[in-house]
Amino acid sequence: MNNCTKFGLAALLVAASAAAPVQAETAAPLELVGYVKLEKVTTDPSGERRVEWVEPQVVVPGDKLIFGTQFTNRSQAPIESFVVSNPVPPSVSVAQIDPAVLVSVDGGKTWAKLADLVIVEADGQRRAALPGDVTNIRWVLPAIAPGESGRLEFPVTVR
Amino acid sequence: MTRSFTFAALAAGTAMVALQSVPALAEGTSAGTVITNTATVDYRVGGIDQTEVVASDTFEVDRKINLIVTRISGPAVSVSPGQTGAVIAFDVTNLSNDTIDLALAVIQSSADNFDVDNVRIFRDDGNGSFDGADTLITSLDEVVEDASVRVFVVSDVSLSSTNGEDAELVLSATAHSGGSPGTLGAVLVSTPGPDDPQGVETVLADGAGEDDVDFDGVYNAPGSFTVFAASLNVAKTSRVIDDPVNSTTNPKAIPGATVEYCIAVSNAAGAATASNVEVTDVLPGDLTFVVGSIRINGTLDGSGNCTGGDPGGSIAVRTITAPLSDVAAGETRTAAFRAAIN
């Protein structure tokens, strides 16, 4: 199990080995890699249920995936006002959302924390927005120090 | 340094699973759909906006094959011996995320009382009931995602079948590739080996039906015909009711005596009502029919003799014909007539 499955706010500042080699200053200052991981559930001989996140092989509706973006500051200068905008593809449904992150449920027109958003149904009924309603996600990080890297992830289900 | 910005509580596995459970119907995203997750980053270095950076990852949704066959008719369709065109209706539903063809077959049980004959499958013309406008088929062509097609298993029932016998069968649907319209595609199997991230693989995800297993691309649904027949028993008795010597007191079968013949038609309990019942009897030689003596729709008295009934029936040459009213389950009707011994 890799460390992207160590969730929770406590993981926000997990110190890790210098996985990112220092590169020449001519390289792009910001390295960005998008990835998708597939939940694979296995049951070991003792009956223990094990969940692994693997490279997606076969993906069919109902499968659970992690959408993620890995970033690394390759430059010698700090990066400021780091804003990641991530539209949610229509074919997947967000399974869970960090209550602190900004999301949109209207295609990016308005942004708020999920708990502050309401959905107006076709019949006029209002209800609290659910993770599955999220259309866009936005992370804002004030600063990334030189050499620092991290991941931004969210779990989805293929519709 | 590595930082992990992730959503809280992914580790709370069970709660998340509940949130993520997907409906059983509607397999949703079509096979071949390309899903791309794109993140766009805006940032500053030294207070200056930098060129935005985009990262994405793409995969293609594979083909998830799921199908179900549901019997619409009751569990035991009532038929009569000799009935033609007995019908069991089924709905065949494509729950896959792709258009598929479905091969259909009827498999008769060997553990039942009899097999039906002339078994055919018809595709409903859209009105939901079997009629002359339906199409004889062996497969369903190009069934789109989530579409359900009504089909009819139609067969004939042997005249020799008897009340309470049953003929069991399954309608078996096998998923085939959609292929080109009008042609049954190849049987679908789960794609072996590793995935091609940009290709469409096949995953069989169907459930177990009658005598088939999970994930085999086949779904069987059972149905049966149960024979509901009349079960008639006919008994003929005779008694001497009068002779020229003893009159009606202990009469004997001597020349000149009158004999009453009693024919009782009984239908067993639980059987179908018998209609158009007609009793015929050829009068033996040495007997002379007593004109006007035929009584129909009578009953048996406690001694097993015919009693009651109405005038009716006819005689032609020496054959007596006595039509009876419908004989319901558990009911007995009689025909009686008299003749004199020559």
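**View 1. The largest nonpolar core, seen around B:Phe90, B:Leu102 and B:Ala173.** In this predicted model, the largest nonpolar core takes in 101 residues. Which of them touch the most other members? That would be B:Phe90, B:Leu102 and B:Ala173. As background, nonpolar side chains in soluble globular proteins tend to be buried together.

**View 2. Close-up on B:Leu102 and the residues it touches.** Leaving aside residues up to four places away in sequence, B:Leu102 touches B:Leu67, B:Val92, B:Ser139, B:Leu140 and B:Val143. It also touches a run made up of B:Ala173, B:Thr174, B:Ala175 and B:His176. One of these, B:Ala173, is listed with B:Leu102 among the core residues that touch the most other members.

**View 3. A five-stranded open sheet in chain B.** Follow the strands across and you get the order 6-8-13-10-11, with antiparallel pairing. Which strands sit at the edges? Strand 6 (67-71) and strand 11 (135-137) of chain B do, each pairing on one side only. Ignoring direction, neighbouring strands in this sheet are turned by 35 degrees against each other on average.

**View 4. Strands 10 and 13 of chain B, side by side.** Strand 10 and strand 13 (residues 148-156) of chain B run antiparallel and are joined by five bridges. To pick out one pair, look for B:Arg120, whose bridge partner in strand 13 is B:Val154. You can lean on strand 10 (residues 117-123) here, as its mean confidence of 97 is the highest in chain B.

**View 5. The low-confidence stretch of chain B.** Over residues 4-25 of chain B, pLDDT stays under 50. The model still has 49 contacts beyond four places in sequence for this stretch. Helix 1 (residues 13-20) of chain B has the lowest confidence in the chain, at a mean of 34. Where pLDDT is low, the predicted coordinates should not be read in detail. Chain B as a whole averages a pLDDT of 88, with 92% of its residues scoring at least 70.

**View 6. The domains of chain B.** Chain B splits into domain 1 (15-61), domain 2 (65-227) and domain 3 (232-341). How many Å separate the centres of domain 2 and domain 3 of chain B? Taken over C-alpha atoms, the answer is 53 Å.

**View 7. Chain A, strand after strand.** Chain A has eleven strands and zero helices. Of its 159 residues, 40% are buried. Among chain A contacts with a separation of 6 or more, 71% come from residues 24 or more positions apart. For the model, the scores are ipTM 0.72 and pTM 0.73.

Definitions and conventions. Residues are numbered from 1 along each chain as its sequence is written. Chains are lettered from A and ligands numbered from 1 in the order in which they are written. This is a predicted model: local features need pLDDT of at least 70, side-chain atom pairs count only at pLDDT 80 or more; totals for chains, interfaces and linings use all residues. pLDDT is the predictor's confidence in each residue, from 0 to 100. Helices (H or I, at least four residues) and strands (E, at least two) are DSSP runs, numbered from the N terminus. Two residues are in contact if their C-beta atoms, placed from the backbone, lie within 7 Å. A nonpolar core is a set of buried Ala, Val, Leu, Ile, Met, Phe, Trp, Tyr and Cys residues joined through C-beta atoms within 7 Å. A residue is buried if 20 or more other C-beta atoms lie within 10 Å of its own, exposed if 12 or fewer, and partly exposed in between; C-beta atoms are placed from the backbone. Domain bounds come from an automatic or database domain assignment. Two strands pair if DSSP finds at least two bridges between them. Axes are lines fitted to C-alpha atoms, for helices over the stretch in contact, and angles run from 0 to 180 degrees between N-to-C directions.
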